[in-house]
Amino acid sequence: MFNLSFIEKKQSILLFGPTGTGKTTLARHLAYAALKAGHSVLFTRADKMFDALKLAILDGGHDRVLRYYIKYDLLVVDDFALRTFSREEANDLYELIIERYETKSSIFTSARAPEEWQGLFPDPILGNSALDRLAHSSYQILMDGPSIRKQNSPR
């Protein structure tokens, strides 16, 4: 059984661990429960979010798109930190985390542990500043065990 008190407290959740352990499924269930409770929710993959922000630079709508990701009570970013961030992605992530810090909740799912995320930023000071705020206001949950996908694959 889970509850949504983290949203009321403006806290976040970092779900991390090997692939196939149910991070995305748990994030989806929390997002669905938040929707049912009347919260505004956006579920996105990290690469899709960064692509949308990158494209928005071309048409002059970058600030509008960034505000779109900031405005939700709960932002779920799936498959976070799969690869090194570009300078633009790191800047966008910094802005997103800073603007949501202690005002909105987020869930990040990642195959990497949070202590590995720092090394993905091209500027370590920017990464440290963003991640310190994110870690400070987050529950960190290691999802470990065998892959659910392997267990459910056709034989």
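The following questions and answers introduce a predicted model of a protein chain.

Residues are numbered from 1 along each chain as its sequence is written. In this predicted model, local features need pLDDT of at least 70 and side-chain atom pairs count only at pLDDT 80 or more, while totals for chains, interfaces and linings use all residues; side-chain values use heavy atoms, with hydrogens and water left out.

Q: How many helices and strands are there in the protein chain?
A: Helices (H or I, at least four residues) and strands (E, at least two) are DSSP runs, numbered from the N terminus. Along the sequence they follow the pattern α-β-α-β-α-α-β-α-β-α-α-β-α. The protein chain holds 8 helices and 5 strands.

Q: What radius of gyration does the protein chain have?
A: The radius is taken over C-alpha atoms, and the globule rule is 2.2 Å times the number of residues to the power 0.38. For 155 residues, a compact globule would have a value near 15 Å, and the protein chain agrees with this at 15 Å.

Q: At what angle do helix H3 and helix H4 pack?
A: Axes are lines fitted to C-alpha atoms, for helices over the stretch in contact, and angles run from 0 to 180 degrees between N-to-C directions. Helix H3 (residues 46-58) and helix H4 (residues 62-70) have axes 7 Å apart, and their packing angle is about 155 degrees. That makes H3, relative to H4, roughly antiparallel (angles under 35 degrees count as roughly parallel, over 145 as roughly antiparallel, 65 to 115 as roughly perpendicular and the rest as oblique).

Q: Which residues in H4 meet H3?
A: Contact means heavy atoms within 4.5 Å. On the H3 side, the residues are Lys48, Met49, Ala52, Leu53, Ala56 and Ile57. On the H4 side, they are His62, Val65, Leu66 and Tyr69.

Q: Where around the axis of H4 do its buried residues lie?
A: Buried means under 20% relative accessible area, exposed over 50%, and partly exposed in between (1.4 Å probe, protein chains only). The buried residues of H4 are His62, Val65, Leu66, Tyr69 and Ile70. They cover an arc of only 145 degrees, taken from the directions from the helix axis to the C-beta atoms, so they lie on the same side of H4.

Q: Which residues are exposed on the other side of H4?
A: The buried residues of H4 are covered by elements including strand S2 (41-45), H3, strand S3 (74-78) and helix H5 (87-100). On the other side of H4, the exposed residues are Asp63, Arg64 and Arg67.
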